[in-house]
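Here are a few notes to go with your first look at this one. Have the sequence and the model open side by side as you read.

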Amino acid sequence: MNIKGILILIVIFQHIYILLLEMFFNESNAVKKGFGLDAEFLKDERVKKMLANQGLYNGFLAMGLVWSIFESGMMQIQLLMFFLSCIICAAIYGGITVSKRIFYFQGVPAVLALISLFL
């Protein structure tokens, strides 16, 4: 497997991990630490619904990248460019509005994967 494939798999697994945390383990220590939220806040059903919604979107991004694996040629490149760009935009926004760690955790691997498409 080449570096492009490895980077794309890293991004896919990151977003599946985020989906699992936000949808199913939203009171976990990882969510508390990652978002800087306290346990009481995370028990609120409204917060759980918002996190689950965010998790679902991360799952859609991961599945878009999975879809690209099964394509070839220009279609594969277009799918990868679109979904990686969406992830980068989300990481920039999250980095500005929530925590710079979001950009480093989600954005940097996606940027590297996007760059690898052109090498």
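1. Start with Val-108, which counts as partly exposed because its relative accessibility is 32%. You'll find Val-108 in helix α6. Keep in mind that this is a predicted model.

2. Val-108 also helps make a nonpolar patch on the surface, together with Tyr-104, Leu-112, Ile-115 and Leu-119. The patch covers about 540 Å².

3. Now for Gln-106, another residue of helix α6, which runs over residues 100-116. Is Gln-106 buried or exposed? Its relative accessibility is 12%, and buried means under 20%, so Gln-106 counts as buried.

4. What is Gln-106 in contact with, leaving aside its neighbours within four places in sequence? The list is Gln-14, His-15, Ile-18, Asn-58, Ile-87 and Ala-91. Try picking out these partners in the viewer.

5. On to the cysteines. A disulfide is a covalent bond between the sulfur atoms of two cysteines. The count here comes to 0 disulfides. Cys-86 is in none, and its nearest cysteine sulfur belongs to Cys-89, 6.7 Å away. Seen from the other side, Cys-89 is in no disulfide either, with the sulfur of Cys-86 as the nearest one at 6.7 Å. A pair has to be within 2.5 Å to qualify, so these two sulfurs do not make a disulfide.

6. One last thing about these two residues: how accessible are they? Cys-86 counts as partly exposed because its relative accessibility is 27%, whereas Cys-89 is exposed, with a relative accessible area of 52%.

Notes. Residues numbered from 1 in each chain as written. Predicted model: local features only at pLDDT ≥ 70, side-chain atom pairs only at ≥ 80, totals over all residues. Heavy atoms only, no water. Helix = DSSP H or I, 4+ residues; strand = E, 2+ residues; numbered from the N terminus. Buried < 20%, exposed > 50% of the residue type's maximum accessible area, 1.4 Å probe, protein only. Contact = heavy atoms within 4.5 Å. Patch = residues over 30% accessible without salt bridge, like charges linked within 9 Å, V, L, I, M, F, W, Y side chains within 5 Å. Areas by Shrake-Rupley, 256 points an atom, 1.4 Å probe, with all protein chains shown as cover. Salt bridge = Lys/Arg side-chain N within 4 Å of Asp/Glu carboxyl O.
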